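Open the model in your viewer and keep the selection panel at hand. The tour goes stop by stop.

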Amino acid sequence: MQAAVYQGAQRFDVREIDTPEPRPNQVLVQVTRSAICGTDVHAFMYDLAPAGAVLGHEIAGRIAKLGSDVQGWDVGSRVVAGGGDPPPGGESPMRTDPRYNYRTMGFGGSRTGGYAEFTLVEAWRLQAIPDAVPDEVAALTEPCSVAVHAVRRSAVKLGDTVGVVGAGPIGLLCMQAASAAGATRLLVSEPAPARAQLARDLGAADVINPLEEDVSERFVELSDGLGPDVIFDCAGFRDTLDQAFAAARRGGQVILVAVPWEPMPLEPADWMAREVDFRVSFASEPEDWRVALDLLASGRISGDALVSEASFIELDQIQETFEGLMQPSSQLQILIKL
Ligand SMILES: [Zn+2]
(Lines give C-alpha, C1' and ligand atoms only; values in the text may rest on other atoms or scores of the structure.)
Protein backbone atom coordinates (compact mmCIF):
# COMPACT_ATOMS: atom_id res chain seq x y z
CA MET A 1 0.00 0.00 0.00
CA GLN A 2 1.01 3.64 -0.44
CA ALA A 3 1.91 5.47 2.75
CA ALA A 4 3.47 8.80 3.68
CA VAL A 5 6.32 7.68 5.93
CA TYR A 6 7.87 10.38 8.11
CA GLN A 7 11.65 10.47 7.61
CA GLY A 8 12.56 13.01 10.30
CA ALA A 9 13.80 16.58 9.65
CA GLN A 10 10.50 17.70 8.08
CA ARG A 11 10.52 15.12 5.30
CA PHE A 12 7.84 12.67 4.21
CA ASP A 13 8.56 9.85 1.80
CA VAL A 14 5.48 8.58 -0.03
CA ARG A 15 6.21 4.98 -0.85
CA GLU A 16 4.98 1.42 -0.95
CA ILE A 17 4.97 -0.41 2.40
CA ASP A 18 3.43 -3.73 3.43
CA THR A 19 -0.30 -3.62 4.08
CA PRO A 20 -0.60 -4.59 7.76
CA GLU A 21 -2.46 -7.71 8.87
CA PRO A 22 -5.06 -7.29 11.62
CA ARG A 23 -4.38 -9.07 14.91
CA PRO A 24 -7.35 -11.06 16.32
CA ASN A 25 -9.03 -7.98 17.89
CA GLN A 26 -8.22 -5.52 15.14
CA VAL A 27 -9.76 -4.53 11.85
CA LEU A 28 -8.02 -3.31 8.73
CA VAL A 29 -9.63 -0.07 7.58
CA GLN A 30 -9.29 1.18 4.04
CA VAL A 31 -8.89 4.93 4.49
CA THR A 32 -11.07 7.05 2.21
CA ARG A 33 -10.50 10.49 3.73
CA SER A 34 -7.75 11.52 6.10
CA ALA A 35 -7.85 15.03 7.56
CA ILE A 36 -4.61 16.84 8.34
CA CYS A 37 -4.44 17.78 12.00
CA GLY A 38 -2.58 20.73 13.51
CA THR A 39 -0.98 18.29 15.94
CA ASP A 40 0.66 16.49 13.04
CA VAL A 41 1.77 19.81 11.58
CA HIS A 42 3.42 20.55 14.93
CA ALA A 43 4.99 17.08 14.96
CA PHE A 44 6.43 17.86 11.52
CA MET A 45 7.42 21.43 12.27
CA TYR A 46 9.23 20.66 15.53
CA ASP A 47 10.39 17.25 14.31
CA LEU A 48 8.62 15.49 17.19
CA ALA A 49 7.52 12.41 15.28
CA PRO A 50 9.90 9.45 15.18
CA ALA A 51 11.38 8.56 11.82
CA GLY A 52 9.42 5.74 10.22
CA ALA A 53 6.07 6.86 11.66
CA VAL A 54 2.94 7.13 9.54
CA LEU A 55 0.97 9.99 11.08
CA GLY A 56 -2.72 10.82 10.71
CA HIS A 57 -5.54 10.12 13.16
CA GLU A 58 -8.52 11.94 11.61
CA ILE A 59 -9.83 9.29 9.30
CA ALA A 60 -12.93 7.89 7.72
CA GLY A 61 -12.93 4.62 5.86
CA ARG A 62 -14.37 1.23 5.19
CA ILE A 63 -13.64 -2.01 6.94
CA ALA A 64 -11.46 -4.07 4.59
CA LYS A 65 -10.66 -7.07 6.78
CA LEU A 66 -11.68 -8.38 10.19
CA GLY A 67 -9.36 -9.93 12.77
CA SER A 68 -10.25 -13.49 13.71
CA ASP A 69 -11.97 -12.55 17.02
CA VAL A 70 -13.87 -9.48 15.82
CA GLN A 71 -17.64 -9.68 16.05
CA GLY A 72 -20.43 -7.25 15.23
CA TRP A 73 -18.74 -5.60 12.25
CA ASP A 74 -18.86 -6.36 8.54
CA VAL A 75 -16.41 -5.83 5.74
CA GLY A 76 -17.50 -2.71 3.87
CA SER A 77 -19.00 -0.88 6.87
CA ARG A 78 -18.21 2.85 7.01
CA VAL A 79 -16.37 3.69 10.21
CA VAL A 80 -14.40 6.26 12.13
CA ALA A 81 -11.54 5.10 14.31
CA GLY A 82 -12.73 6.37 17.67
CA GLY A 83 -15.65 6.66 20.04
CA GLY A 84 -15.73 3.15 21.42
CA ASP A 85 -15.11 2.59 25.12
CA PRO A 86 -11.79 0.93 25.86
CA PRO A 87 -11.77 -2.50 27.44
CA PRO A 88 -10.15 -2.77 30.91
CA GLY A 89 -6.47 -2.03 30.48
CA GLY A 90 -7.00 -0.59 27.02
CA GLU A 91 -6.96 3.06 28.03
CA SER A 92 -4.40 5.39 26.56
CA PRO A 93 -1.39 6.17 28.77
CA MET A 94 -2.32 9.81 28.14
CA ARG A 95 -5.24 9.18 30.49
CA THR A 96 -3.78 6.66 32.90
CA ASP A 97 -0.10 7.46 33.40
CA PRO A 98 -0.10 9.75 36.46
CA ARG A 99 2.91 11.71 35.15
CA TYR A 100 2.07 11.69 31.48
CA ASN A 101 4.00 14.37 29.59
CA TYR A 102 2.72 15.10 26.12
CA ARG A 103 5.86 16.91 25.05
CA THR A 104 8.24 14.09 25.92
CA MET A 105 5.91 11.09 25.59
CA GLY A 106 3.21 12.24 23.19
CA PHE A 107 4.41 11.00 19.86
CA GLY A 108 4.88 7.28 20.28
CA GLY A 109 4.94 6.28 16.69
CA SER A 110 4.98 2.62 15.79
CA ARG A 111 1.32 2.62 14.81
CA THR A 112 0.50 3.09 11.14
CA GLY A 113 -1.85 6.07 10.99
CA GLY A 114 -4.17 7.54 8.44
CA TYR A 115 -1.74 9.04 5.91
CA ALA A 116 -1.81 5.68 4.16
CA GLU A 117 -4.22 3.59 2.12
CA PHE A 118 -4.94 1.26 5.04
CA THR A 119 -4.68 1.46 8.80
CA LEU A 120 -5.20 -0.98 11.67
CA VAL A 121 -7.73 -0.13 14.35
CA GLU A 122 -8.69 -1.99 17.54
CA ALA A 123 -12.27 -3.12 16.95
CA TRP A 124 -13.45 -1.61 20.24
CA ARG A 125 -12.55 1.86 18.99
CA LEU A 126 -14.84 1.85 15.96
CA GLN A 127 -18.01 3.85 15.47
CA ALA A 128 -20.31 3.46 12.48
CA ILE A 129 -20.67 6.59 10.39
CA PRO A 130 -24.31 7.75 10.22
CA ASP A 131 -25.75 7.77 6.67
CA ALA A 132 -26.24 11.53 6.86
CA VAL A 133 -22.51 12.11 7.30
CA PRO A 134 -20.29 11.94 4.17
CA ASP A 135 -16.75 10.58 4.56
CA GLU A 136 -15.05 13.98 4.40
CA VAL A 137 -17.18 15.21 7.29
CA ALA A 138 -16.79 11.94 9.20
CA ALA A 139 -13.02 12.42 8.96
CA LEU A 140 -13.54 15.54 11.07
CA THR A 141 -15.09 13.57 13.94
CA GLU A 142 -11.81 13.58 15.89
CA PRO A 143 -11.25 17.36 15.73
CA CYS A 144 -14.96 17.83 16.38
CA SER A 145 -14.63 15.61 19.47
CA VAL A 146 -11.77 17.83 20.66
CA ALA A 147 -14.09 20.85 20.38
CA VAL A 148 -16.90 18.97 22.12
CA HIS A 149 -14.53 17.96 24.92
CA ALA A 150 -13.34 21.55 25.38
CA VAL A 151 -16.90 22.87 25.58
CA ARG A 152 -17.97 20.08 27.95
CA ARG A 153 -15.03 20.98 30.21
CA SER A 154 -16.03 24.64 30.10
CA ALA A 155 -18.61 26.56 32.10
CA VAL A 156 -20.50 27.69 28.95
CA LYS A 157 -24.19 28.09 29.63
CA LEU A 158 -27.28 29.38 27.89
CA GLY A 159 -26.95 33.04 26.98
CA ASP A 160 -23.19 33.29 27.40
CA THR A 161 -20.87 35.41 25.32
CA VAL A 162 -18.00 33.22 24.17
CA GLY A 163 -14.69 34.30 22.71
CA VAL A 164 -12.69 32.05 20.40
CA VAL A 165 -9.09 32.92 19.62
CA GLY A 166 -8.05 31.32 16.34
CA ALA A 167 -10.51 30.16 13.67
CA GLY A 168 -8.65 27.19 12.28
CA PRO A 169 -10.60 23.93 12.13
CA ILE A 170 -10.58 23.51 15.94
CA GLY A 171 -11.67 27.11 16.55
CA LEU A 172 -14.47 26.86 13.97
CA LEU A 173 -15.66 23.59 15.50
CA CYS A 174 -15.32 25.00 19.03
CA MET A 175 -17.48 28.03 18.27
CA GLN A 176 -20.16 25.78 16.83
CA ALA A 177 -19.98 23.44 19.82
CA ALA A 178 -20.22 26.42 22.19
CA SER A 179 -23.25 27.60 20.27
CA ALA A 180 -24.83 24.14 20.52
CA ALA A 181 -24.16 24.32 24.27
CA GLY A 182 -26.07 27.60 24.61
CA ALA A 183 -23.68 30.44 23.85
CA THR A 184 -25.69 33.15 22.14
CA ARG A 185 -22.93 35.58 21.22
CA LEU A 186 -19.71 34.45 19.60
CA LEU A 187 -16.66 36.71 19.26
CA VAL A 188 -13.73 35.44 17.23
CA SER A 189 -10.16 36.60 16.69
CA GLU A 190 -8.59 35.43 13.43
CA PRO A 191 -6.10 37.09 11.07
CA ALA A 192 -6.63 34.98 7.91
CA PRO A 193 -9.45 36.49 5.80
CA ALA A 194 -10.87 33.16 4.54
CA ARG A 195 -11.07 31.76 8.05
CA ALA A 196 -12.53 35.00 9.40
CA GLN A 197 -15.23 34.90 6.74
CA LEU A 198 -16.05 31.30 7.57
CA ALA A 199 -16.37 32.21 11.25
CA ARG A 200 -18.88 34.91 10.26
CA ASP A 201 -20.76 32.47 8.04
CA LEU A 202 -20.97 30.05 10.96
CA GLY A 203 -22.52 32.60 13.26
CA ALA A 204 -19.80 34.75 14.82
CA ALA A 205 -21.27 38.14 15.76
CA ASP A 206 -17.89 39.80 15.30
CA VAL A 207 -14.55 38.64 13.98
CA ILE A 208 -11.58 40.82 14.75
CA ASN A 209 -8.17 40.84 13.11
CA PRO A 210 -5.48 40.46 15.79
CA LEU A 211 -2.87 41.97 13.44
CA GLU A 212 -4.84 45.21 13.24
CA GLU A 213 -6.74 45.43 16.51
CA ASP A 214 -6.09 44.76 20.19
CA VAL A 215 -7.85 41.45 20.83
CA SER A 216 -8.47 41.97 24.54
CA GLU A 217 -9.75 45.52 24.15
CA ARG A 218 -12.08 44.59 21.30
CA PHE A 219 -13.45 41.49 23.03
CA VAL A 220 -14.25 43.66 26.07
CA GLU A 221 -15.85 46.42 23.97
CA LEU A 222 -17.95 43.88 22.08
CA SER A 223 -19.27 42.36 25.31
CA ASP A 224 -20.68 45.49 26.95
CA GLY A 225 -17.39 46.38 28.59
CA LEU A 226 -17.37 43.19 30.67
CA GLY A 227 -15.46 40.64 28.63
CA PRO A 228 -16.66 37.25 27.36
CA ASP A 229 -17.88 34.72 29.92
CA VAL A 230 -15.66 32.01 28.48
CA ILE A 231 -12.73 32.28 26.05
CA PHE A 232 -11.28 29.32 24.18
CA ASP A 233 -7.66 29.68 23.07
CA CYS A 234 -7.61 27.60 19.89
CA ALA A 235 -4.43 29.20 18.57
CA GLY A 236 -1.79 28.62 21.25
CA PHE A 237 0.49 31.26 19.79
CA ARG A 238 2.86 33.44 21.72
CA ASP A 239 0.39 36.06 22.95
CA THR A 240 -2.99 34.41 22.66
CA LEU A 241 -3.31 32.96 26.17
CA ASP A 242 -2.42 36.29 27.78
CA GLN A 243 -4.94 38.00 25.45
CA ALA A 244 -7.61 35.56 26.58
CA PHE A 245 -6.93 36.19 30.28
CA ALA A 246 -6.85 39.93 29.67
CA ALA A 247 -10.22 39.85 27.92
CA ALA A 248 -12.19 37.43 30.12
CA ARG A 249 -14.96 38.74 32.31
CA ARG A 250 -14.47 39.01 36.07
CA GLY A 251 -14.94 35.48 37.36
CA GLY A 252 -15.01 34.22 33.78
CA GLN A 253 -13.06 31.35 32.34
CA VAL A 254 -10.22 30.67 29.91
CA ILE A 255 -9.87 27.26 28.30
CA LEU A 256 -6.62 26.39 26.55
CA VAL A 257 -7.45 24.02 23.70
CA ALA A 258 -4.48 24.41 21.34
CA VAL A 259 -1.24 22.75 22.45
CA PRO A 260 1.50 25.41 22.46
CA TRP A 261 4.94 24.00 21.70
CA GLU A 262 6.82 27.05 22.85
CA PRO A 263 6.74 28.97 26.17
CA MET A 264 3.99 31.58 26.40
CA PRO A 265 4.62 34.83 28.26
CA LEU A 266 1.91 35.83 30.75
CA GLU A 267 1.31 39.11 32.61
CA PRO A 268 -0.82 37.96 35.55
CA ALA A 269 -0.89 41.33 37.31
CA ASP A 270 -3.04 42.56 34.45
CA TRP A 271 -5.84 40.11 35.07
CA MET A 272 -5.51 38.01 38.21
CA ALA A 273 -7.49 40.46 40.36
CA ARG A 274 -10.53 39.51 38.28
CA GLU A 275 -10.17 35.89 39.44
CA VAL A 276 -10.45 34.39 35.99
CA ASP A 277 -10.60 30.60 36.12
CA PHE A 278 -8.30 28.58 33.93
CA ARG A 279 -8.76 25.09 32.56
CA VAL A 280 -7.01 23.16 29.88
CA SER A 281 -8.69 20.67 27.61
CA PHE A 282 -6.70 17.89 26.03
CA ALA A 283 -7.80 15.69 23.14
CA SER A 284 -11.12 13.92 23.82
CA GLU A 285 -12.86 10.96 25.40
CA PRO A 286 -14.88 8.28 23.59
CA GLU A 287 -18.12 9.94 24.71
CA ASP A 288 -17.05 13.18 23.03
CA TRP A 289 -16.68 11.29 19.72
CA ARG A 290 -20.23 10.00 20.00
CA VAL A 291 -21.55 13.49 20.78
CA ALA A 292 -19.52 14.87 17.88
CA LEU A 293 -20.96 12.32 15.44
CA ASP A 294 -24.49 13.17 16.63
CA LEU A 295 -23.88 16.90 16.21
CA LEU A 296 -22.39 16.40 12.73
CA ALA A 297 -25.25 14.10 11.70
CA SER A 298 -27.93 16.52 12.91
CA GLY A 299 -26.18 19.50 11.30
CA ARG A 300 -25.91 21.39 14.60
CA ILE A 301 -22.22 21.41 13.82
CA SER A 302 -21.47 21.91 10.13
CA GLY A 303 -18.50 19.89 8.96
CA ASP A 304 -19.40 20.68 5.34
CA ALA A 305 -18.64 24.34 5.93
CA LEU A 306 -15.00 23.50 6.65
CA VAL A 307 -14.58 21.47 3.48
CA SER A 308 -14.47 22.80 -0.09
CA GLU A 309 -13.04 21.59 -3.38
CA ALA A 310 -9.78 23.26 -2.39
CA SER A 311 -9.60 21.08 0.74
CA PHE A 312 -8.59 17.90 -1.03
CA ILE A 313 -5.06 16.82 -1.84
CA GLU A 314 -3.50 13.58 -3.04
CA LEU A 315 -1.18 11.61 -0.77
CA ASP A 316 1.86 12.56 -2.85
CA GLN A 317 1.19 16.27 -2.22
CA ILE A 318 1.70 15.81 1.52
CA GLN A 319 5.23 17.26 1.67
CA GLU A 320 4.38 20.61 0.06
CA THR A 321 1.10 20.76 1.96
CA PHE A 322 2.78 20.38 5.35
CA GLU A 323 5.42 22.94 4.40
CA GLY A 324 2.59 25.36 3.54
CA LEU A 325 0.78 24.66 6.81
CA MET A 326 3.84 25.69 8.85
CA GLN A 327 3.22 29.29 7.80
CA PRO A 328 0.31 31.20 9.33
CA SER A 329 -2.20 30.11 6.78
CA SER A 330 -5.45 30.95 5.16
CA GLN A 331 -6.13 27.31 4.33
CA LEU A 332 -9.24 25.82 5.82
CA GLN A 333 -9.43 22.11 6.55
CA ILE A 334 -7.22 19.97 4.33
CA LEU A 335 -8.03 16.33 3.65
CA ILE A 336 -6.12 13.64 1.82
CA LYS A 337 -8.25 11.76 -0.69
CA LEU A 338 -7.20 8.13 -0.79
ZN1 LIG B 1 -6.40 15.78 15.41
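Two strands pair if DSSP finds at least two bridges between them. Keep that in mind for the opening stop. The model is a predicted one.

**Stop 1: the β1–β2 hairpin**

Select residues 2-8 for β1 and 11-16 for β2. The two strands pair in the antiparallel sense, over six bridges. For one point of register, pick alanine 3: arginine 15 in β2 stands opposite.

Now move to the turn. Two residues lie between the strands of this hairpin. Which residue of the loop has phi near 55°? Alanine 9 does, a positive value in a residue other than glycine. Glutamine 10 sits in the loop between β1 and β2 too, and its phi is near 60°, again positive. Most residues other than glycine have a negative phi.

Is alanine 9 buried or exposed? Alanine 9 has 8 C-beta neighbours inside 10 Å, so it counts as exposed. Glutamine 10 has 14 inside 10 Å and therefore counts as partly exposed.

**Stop 2: the two domains**

Color 2-140 + 307-337 as domain 1 and 146-280 as domain 2. Their centres, taken over C-alpha atoms, are separated by 28 Å. Across the boundary, ten residues of domain 1 are in contact with eleven residues of domain 2. On the domain 1 side, helix α1 (residues 38-45) gives the largest share, three residues. By type, that side divides into four nonpolar residues, six polar and no charged.

**Stop 3: helix α1**

Stay on α1 and show its side chains. Seven of its eight residues are buried, so the helix is mostly covered. The buried ones are Gly38, Thr39, Asp40, Val41, His42, Ala43 and Phe44. Add α6 and α11 (318-325) to the view: both are included in what covers the buried residues of α1. Then step just past the end of α1 to aspartate 47, where phi is positive, about 55°.

**Stop 4: helix α5**

Select residues 141-153. What span should the 13 residues of α5 have at 1.5 Å a residue? The expected value is 18 Å, and the end C-alpha atoms are 18 Å apart, which agrees.

Next, check the surroundings. Eleven of the 13 residues are buried, so α5 is largely enclosed by the rest of the structure. Among the buried residues are Thr141, Glu142, Cys144, His149 and Val151. Ala147 is another buried residue of α5; keep it selected for the next stop.

**Stop 5: the nonpolar core**

The largest nonpolar core has 102 residues. Those with the most contacts inside it are Ala147, Val164, Cys174 and Phe232. Helix α6 (residues 169-180) supplies the largest share, seven residues. Where does this core lie relative to domain 1 and domain 2? Both domains give residues to it, so the core lies between them.

Center on valine 164. Leaving aside neighbours within four places in sequence, valine 164 is in contact with Gly171, Cys174, Met175, Leu186, Val188, Phe232 and Cys234.

**Stop 6: strands β8, β11 and β12**

Follow valine 164 to its bridge partner in β11, phenylalanine 232. Strand β8 (residues 161-165) and β11 run parallel and are joined by four bridges. Then select β12: β11 pairs with it in the parallel sense, also over four bridges. Here aspartate 233 stands opposite leucine 256 in β12.

Now turn β11 (residues 230-233) to see each face. In a regular strand the side chains alternate between the two faces of the sheet. Which residues of β11 are on each side? Val230 and Phe232 are on one side, with Ile231 and Asp233 on the other. All four are buried, and both faces are covered.

**Stop 7: proline 263**

Leave the strands by the loop between β12 (253-256) and β13 (277-280); proline 263 is located there. How many other C-beta atoms lie within 10 Å of proline 263? There are 7, so proline 263 is exposed. To finish, draw a distance from its C-alpha atom to that of alanine 196. The two residues are 67 residues apart along the chain, and their C-alpha atoms are separated by 26 Å.

Terms used: Residues are numbered from 1 along each chain as its sequence is written. This is a predicted model: local features need pLDDT of at least 70, side-chain atom pairs count only at pLDDT 80 or more; totals for chains, interfaces and linings use all residues. A residue is buried if 20 or more other C-beta atoms lie within 10 Å of its own, exposed if 12 or fewer, and partly exposed in between; C-beta atoms are placed from the backbone. The expected span of a helix is 1.5 Å times one less than its number of residues. A nonpolar core is a set of buried Ala, Val, Leu, Ile, Met, Phe, Trp, Tyr and Cys residues joined through C-beta atoms within 7 Å. Domain bounds come from an automatic or database domain assignment. Two residues are in contact if their C-beta atoms, placed from the backbone, lie within 7 Å. Ala, Val, Leu, Ile, Met, Phe, Trp, Tyr, Cys and Pro count as nonpolar, Asp, Glu, Lys and Arg as charged, and the others, Gly among them, as polar.
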